[in-house]
There are 2 protein chains.
Amino acid sequence: MPIDLDRIISYYKNLINSRLETFFNKKIEEGSKISNDIREIIINAKEYTMRGGKRLRPIFLIYGYKCLTDININAIIDVSISVELMQSYLLIHDDIIDEDELRRGKPTFHTIYKNMCEHKFGKNKSSRFGENIAILTGDLLEAYGEEILANAPFRSERIKKALIKYAEIVKNVNYGQILDVISEMKKKVTEEDILLIHKLKTASYTIEGPLHIGAILGGANDADLQVLSRYAIPLGLAFQIRDDILGLFGSEEKIGKPVGSDLREGKKTLLVLYALKRAEEEEKRYINQALEKDEITMEEINHIRDIVIKTGSLDHSLKLIKKYTREAIENIKNSDFRDEAKEFLIAVADYIGKREY
Amino acid sequence: MPIDLDRIISYYKNLINSRLETFFNKKIEEGSKISNDIREIIINAKEYTMRGGKRLRPIFLIYGYKCLTDININAIIDVSISVELMQSYLLIHDDIIDEDELRRGKPTFHTIYKNMCEHKFGKNKSSRFGENIAILTGDLLEAYGEEILANAPFRSERIKKALIKYAEIVKNVNYGQILDVISEMKKKVTEEDILLIHKLKTASYTIEGPLHIGAILGGANDADLQVLSRYAIPLGLAFQIRDDILGLFGSEEKIGKPVGSDLREGKKTLLVLYALKRAEEEEKRYINQALEKDEITMEEINHIRDIVIKTGSLDHSLKLIKKYTREAIENIKNSDFRDEAKEFLIAVADYIGKREY
């Protein structure tokens, strides 16, 4: 019997949001004791975190735990927000790096403080001020995530292992980010470059890392973690390819950011790279010119969509998604994890694999 | 019998430097397996870390441990570099925040990558590129520090507690940094503001934090940590006041950065704030004008030195240093820690208290 994925996700999302609320309210209290400026920083960090997001990472963390055990679920939900704070930390830094002014339809963290600076102290150095506050607030949230995990009511041995994993995720995602920043500067990006960045960022950070942290806290051994990796890595790749397709073919409403953002940022996705390989000279030039520009029209996007379809790149990507999600499903199906968790993880992979575009 | 402080410090400094070398070489190897760009990042992070620095924090960590025990010293020296990586992480971010181009006489991390960008990809967006790489490399080094601590060969219970402390230090120093950035924008800074920043940054991060991590790994209980705090907090304040005096009255050669840097950055130290309180109107105006300017002449520095002396601010600060170091010494003297550690900690406080300017 298929499980009701939407219902489960929205059930946990609500719980996670309420734990985030509670956590930030405690921190606002802690901050008030230090100074009013710190209090305001934490209020803004809370607002930034509570704006939205699917809470996928905490949910994967919870289900990593559920692969092994079902006792003490309340405690694991408490801990699960550690990876959401990691996410806020990374997004705040990412917004600076990409010079984005909006995140989920509202000002990015450095923009909030740039505006605040202009309002309170004048325009002079307001960009610098905003970025400085955002760098430090990101750093702060990383420490918050660590703090939550380190204080969790699980055996010390497991917490220690979970913290090693936490540091490893931060390390990998930063490796991936560095490569991403460098690759945007380079004119020539290969398929291997992109796959490596996907592996370090999406696969390790969005799916494998949270699953591992949860599983470790549930008592997983190395073999268990390997099984989870064999599910998480292909699923992460499928997830990323799906994101690339949505970014080009989706609607702004659906994806929460303007269509063609990757093109606008000059970012080559696998989808575009594969099209470039098979396109005719004139089409290649067209895509490359669009990638160079700071702006892009809907007409240009439509033309690039046509090329991506015509060259077979869209079909190829859809096939890859199917292949990777099937691989993920096979690898988790044959494991001896708890059925409830297996069913959920299979349903997630199935959803990503079947999704219409 | 007085101990030979210089000899002890240089002994541990050498050991710490060689562990840092070994650690970074391993990471360079790890990075090579990912990509050549990552390898280069780590090589530069190594060079940045190995440039110098007194290694005070790792030494305090080692002596925090020695307060409790002397077994497994090799392991504690290995772990001690975690706080030096934290230091590199914070300095790299701090350099971006202060827009400094030099750190210990060589280009700051963002400047290295700004120059590299100009060389390889052209001037366009080279500042942005340099800062982006530096934000991410700082984040990376924070994770390295965590990783070292989490993998240390001590009991899990102790490691867990040490990691809670590690996160707390990162949290406090970032609170302090945020207040520092905000206070530079504000026209009015009070003595309480400055003391709070000192407490969060220097006292908690330079002395108390490393001592606590070491002590925790050595098996300290809460009462032990409290004794160490009663030593570390006053000593941290003395240390900071000493730094402020050196920054104004020292020589560039001695302090490793231009004299009057604080004034140039518009940063009010307690030394200057106290002088401002007691100075005549004309002198006040003179100091405030100097604080507003981006550059400062040696003549201006000399005039401000005179005001700081004439108003009794220098004397007041020297008295505070004596008072605080005496307090630190009394609090550690009466503890029941191991003699070797007590003697060292007393000698450090004594050195800071007696130092000539």
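**Figure 1. How chain B sits relative to chain A.** In this predicted model, a turn of 180 degrees lays chain B on chain A with an RMSD of 0.0 Å. The shift along the axis comes to 0.0 Å. The two copies are therefore related as by a two-fold rotation axis. Which surface do the two copies use? The same one serves both, since 100% of the contact residues of chain B turn up again in chain A.

**Figure 2. The make-up of chain A.** Look along the chain and you'll find 16 helices, together with two strands. How much of the chain's contact network links residues far apart in sequence? Take the contacts in chain A with a separation of 6 or more: 74% of them join residues 24 or more positions apart.

**Figure 3. The overall size of chain A.** Follow the C-alpha trace along its principal axes and it spans about 60 × 60 × 30 Å. What radius of gyration would a compact globule with 357 residues have? The answer is near 21 Å, and chain A has 21 Å, so the two agree.

**Figure 4. Inside and outside of chain A.** Of the chain's 357 residues, 59% count as buried. On the outside, chain A exposes about 15200 Å². Carbon and sulfur atoms supply 49% of that exposed area.

**Figure 5. Charges in chain A.** Here the view turns to charge: chain A carries 55 positive and 58 negative charges. How far apart are the mean positions of the two sets? They lie 2 Å apart.

Definitions and conventions: Residues numbered from 1 in each chain as written. Chains lettered and ligands numbered in written order. Predicted model: local features only at pLDDT ≥ 70, side-chain atom pairs only at ≥ 80, totals over all residues. Heavy atoms only, no water. Least-squares fit on C-alpha atoms with pLDDT ≥ 70 in both. Contact = heavy atoms within 4.5 Å. Helix = DSSP H or I, 4+ residues; strand = E, 2+ residues; numbered from the N terminus. Rg over C-alpha atoms; globule rule 2.2 N^0.38 Å. Buried < 20%, exposed > 50% of the residue type's maximum accessible area, 1.4 Å probe, protein only. Areas by Shrake-Rupley, 256 points an atom, 1.4 Å probe, with all protein chains shown as cover. Lys, Arg positive; Asp, Glu negative; His and termini not counted. Charge placed at Lys NZ, Arg CZ, Asp CG, Glu CD.
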